[in-house]
Amino acid sequence: MPLDESLPFIPVRIAVLTVSDTRDLAQDRSGDTLVGRIAAAGHHLADRAIVRDEVAAIRAAVQGWIAREDVDVVITTGGTGFTGRDVTPEAIEPLFEKRMEGFSAVFHRISYDKIGTSTLQSRATAGVAGATYVFVLPGSPGACKDAWDGILGPQLDYRHRPCNFVEIMPRLDEHLKRGKLKG
């Protein structure tokens, strides 16, 4: 998709959460993949953390970032499979005010071209919570690369046409403003 070079690049502030029972920052290749792409694109890394595959820990980290004014986007990696410890969608989806159904569909389309029907083993999801975009990615560096390069990179670039996530960010909390005006 084309970039409108006459428009300014607008950096967004992104927090990255790795969900893993076994990794630390030194071994977090998926988190590193995202952080590298965030920096290369010109965005700001607002925060980065690793939590265990536990609903309460995942939800608390994401809720904390959603509440912060200096975080526009949260990207998680890990815990989207079907094993007993894979609970990231269960932790995060209840936070969504609006689900982004198309994200999963496009992610699986991109993934299918690379790994075929194995893409079915991911429950990648996305939504909006507290006027913050939240993207839930699988825990492999390849999946993070595919999601960033094929979806997030373009959609988080204000110059991307015909439309992008950045241009509607100021309107994500319209429902909250209307609610405050009525009260």
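Which side chain of opposite charge is nearest to D53? The answer, R85, is in view 1. The model shown in these views is predicted, with pLDDT of at least 70 needed for local features and 80 or more for side-chain atom pairs, while totals for chains, interfaces and linings use all residues. Residues are numbered from 1 along each chain as its sequence is written, and side-chain values use heavy atoms, without hydrogens and water.

**View 1. Surroundings of D53, in the loop between strand 2 and helix 2.** Helices (H or I, at least four residues) and strands (E, at least two) are DSSP runs, numbered from the N terminus. D53 is buried, that is, under 20% relative accessible area (exposed is over 50%, partly exposed in between; 1.4 Å probe, protein chains only). D53 has no salt bridge, a term for a side-chain nitrogen of Lys or Arg within 4 Å of a carboxyl oxygen of Asp or Glu. R85 is 5.2 Å away. Lys and Arg count as positive and Asp and Glu as negative; His and the chain ends are not counted. Not counting residues up to four places away in sequence, D53 touches V19, S20, D21, I58, G79, R85 and V87, where contact means heavy atoms within 4.5 Å.

**View 2. The open sheet of 6 strands.** The strand order is 2-1-3-6-5-4, with mixed pairing; two strands pair if DSSP finds at least two bridges between them. Strand 2 (44-51) and strand 4 (98-99) are at the edges and have a single partner strand each, so one side of each lacks a neighbour in the sheet. Strand 1 (residues 13-19) runs parallel to strand 2 and is joined to it by 7 bridges. V16 has R48 in strand 2 as its bridge partner.

**View 3. The largest nonpolar core, with 29 residues.** Such a core is a set of buried Ala, Val, Leu, Ile, Met, Phe, Trp, Tyr and Cys residues joined through side-chain atoms within 4.5 Å. I14, V73, I75, F103, Y133, F135 and L152 have the most contacts inside this core. Helix 5 (141-155) is among the elements that each supply at least two residues, and helix 5 gives the most, with 6 residues. A second, separate core of 19 residues includes A61, V71, F96 and V134.

**View 4. Q63 in helix 2.** Q63 is partly exposed, with a relative accessible area of 40%. Q63 and A129 lie 66 residues apart in sequence and 8.8 Å apart in space, C-alpha to C-alpha.
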